[in-house]
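Biologist: Could you take me through one part of this model up close? I'd like to hear about the place where the two chains meet.

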Amino acid sequence: MAENWRGECSNPNAKTLVPGKQDDSSKKNKKKKETGSQFEFCTVCNLNHDQGQRHKYFPSHKKSLSACLSRFESKLADVRFFLRNPAALRPEHASRNRFWCIFCDVDVEELGSSFACSNAINHLSSVDHLKSLKHFMWKYGGGMDRLDSFRILDADVTKWRKKCATLKKEAALSEDRCHGPLSGLSNDIHREPNIGIVDHFEDNYTVYPLKSSILNGVTPLQYNTNEQQILYPEIAGGPNAGSLPTKLVSSNASLHSADDSNGVEGNVHSGAAPPWLDSSEHSLVDYNIKSFSVNVASHSNKLEKSRKLNPKRVGAAWAEKRKIEMELEKRGEIAKKECDSGWLPNFGRVWQSGSRKESRREFEMEKQTLLKKETESEISKEIQPYISKRIVSSHQPFVMLGGVKL
Amino acid sequence: MSYVLTTLTKKREVDSVIRDTIDKVLVLRFGRASDAECMQLDDILAKSAREVSKFATVALVDIDSEDVQVYVKYFDITLTPSSVFFFNAHHMKMDCGTADHTKWIGAFRRKQDFIDVVEANYRGAMKGKLIVNCPLPPERIPRYQLLYKDM
């Protein structure tokens, strides 16, 4: 039984194995095989298709591609902003600043970087990214002339690195200034990080976890309070007076001054607020303003637009006029107009065809004809007693037969 | 007589209500407060007036008052109670599947029906439409026969 079954199966298999050798109807099958036999996945349109190379020229694909690319470009706009204005990256913000590179199919995270979007910038300028970008454009028909808008050029990257370096120098200098006099008094633990920063300074720009922890202003309580308090105000004044443009330095200065004031006013034992709370709000606000300024602006615009009433609504022009009139009446500039006793609202009558102005005209005409009729009928309306012919003819004082004319 | 809603007896008052209601639907009920169906309608209006107060105003007009007869004729009010809808002093028509699109004749079955009707009017008006479709199913729309013109 089983063998029979196998035998039957083998025949149909034999037929399909040789498609080309059958009649003309198989030509269509042949064509199908040649043009689109295998299903491919298009990441842009997010669908499987068997159209092969033709798919990238279809209008639906082109639409989705342009949408995709414009979305990526808008994400890049943020990165480019930080390319032009490098700012320090706090570890708490690092988790927010990752983005997905659609060309490389990789998630670019900002875990170890000290500057905003530095990992992203490095990725976008890398050779691998360029390769995958070219491949993507070829595969999905993006247009090779737009390559530069999706990557960062080397010249820009070098400029950015220089700016980062200067930022770091300034930060380190201010650190040194602040921490310099301490070195004699404080423990060796604090010396080490300072030295570490100075050494690594020229070499690489990426990982500074120690520095970031100091930047947060979480200074351990190993200092002698007296001498530091005397020294700090001078030093804190210094960077401020120098008017260094970077937010990094100013926040440092504010940190230290807060530190210092708290040392004077209160501490853990007196229950004062810890210094990092006050200062972190400051720096958070600054950072937020910078990175989310664009988003906030667009959002507020949207809110404003939704509060405005639709100008196409019914009677919009009339409403605006009336509002102005009422405002003026309130203020007392215009005396309250008693509206015309003949005023009628815009009304479309039941049996009316045509515009509503016509309905009003019709009504006015009807009114006038009615009035005329009424006046006419009033004139003629005198109640006369009914006099029957018999009475008239016989001249006898009979009882009247009819009633009064209504 | 509804104590919650304002009753208007003069043309001047009706005019001022129409002109002063800006960017809100105005519902004018024409009827006699003593009539049973009118009382039912008034009840529904009074109960839902507050709920629609953000986008609608409700007012009652007494048909029997002489001053208002102009409006009774202008709006072709023959069957009571009739409710006429306005938005920014423009009359809103509503197609309920009945012969008369210019007003709503009869009472509402439930509060929600009234609220739905007013909402449909408001939405249409905000989009700039002078005639809207009735959101209620036909079984909840009161039926009546409209006599022909000049009869």
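Which residue of chain B does the side chain of A:Arg313 meet in a salt bridge?

Modeller: Bear in mind that this is a predicted model. The partner is B:Asp23, and the N to O distance in that salt bridge is 2.8 Å. A:Arg313 has a second partner within its own chain: A:Glu320 forms a salt bridge with A:Arg313, with the closest N and O atoms 3.2 Å apart. The two ends of that second pair sit in different surroundings, because A:Arg313 is buried at a relative accessible area of 4%, while A:Glu320 is partly exposed at 40%. Add A:Lys323 and you have a network of salt bridges linking A:Arg313, A:Glu320, A:Lys323 and B:Asp23.

Now step back to the whole contact. Between chain A and chain B the count is 3 salt bridges, and 8 residue pairs are in polar contact, both residues at pLDDT 80 or more. On the chain A side, helix 13 (316–331) and helix 14 (356–380) each supply at least two of the residues that touch chain B. Helix 13 of chain A gives the largest share of that side, 7 residues. Sorted by class, the side of chain A that touches chain B has 15 nonpolar, 8 polar and 11 charged residues. Altogether the contact takes 34 residues from chain A and 36 residues from chain B. The size of an interface is often given as the accessible area lost when the parts come together. Here the area buried between chain A and chain B is about 3,100 Å², and carbon and sulfur atoms give 63% of it.

For some context on the charged pairs, a search of the whole structure finds 17 salt bridges over all chains. Two of them lie within chain B. B:Lys11 forms one with B:Asp15, the closest N and O atoms being 2.9 Å apart. Those two are separated by about one helical turn, because they are 4 residues apart in helix 1 (residues 11–20) of chain B, and both B:Lys11 and B:Asp15 are buried. The other pairs B:Glu51 with B:Lys111, at 3.4 Å between the closest N and O atoms. That pair links distant parts of the chain, 60 residues apart: B:Glu51 is in the loop between helix 2 (36–48) and strand 3 (56–62) of chain B, and B:Lys111 is in helix 4 (residues 111–126). Both ends are partly exposed, with relative accessible areas of 49% for B:Glu51 and 30% for B:Lys111.

Conventions: Residues numbered from 1 in each chain as written. Chains lettered and ligands numbered in written order. Predicted model: local features only at pLDDT ≥ 70, side-chain atom pairs only at ≥ 80, totals over all residues. Heavy atoms only, no water. Contact = heavy atoms within 4.5 Å. Buried area = accessible area lost by both parts, 1.4 Å probe. Salt bridge = Lys/Arg side-chain N within 4 Å of Asp/Glu carboxyl O. Polar contact = N/O pair within 3.5 Å; in protein donor to acceptor, adjacent residues only side chain to side chain. Nonpolar A, V, L, I, M, F, W, Y, C, P; charged D, E, K, R; others polar. Buried < 20%, exposed > 50% of the residue type's maximum accessible area, 1.4 Å probe, protein only.
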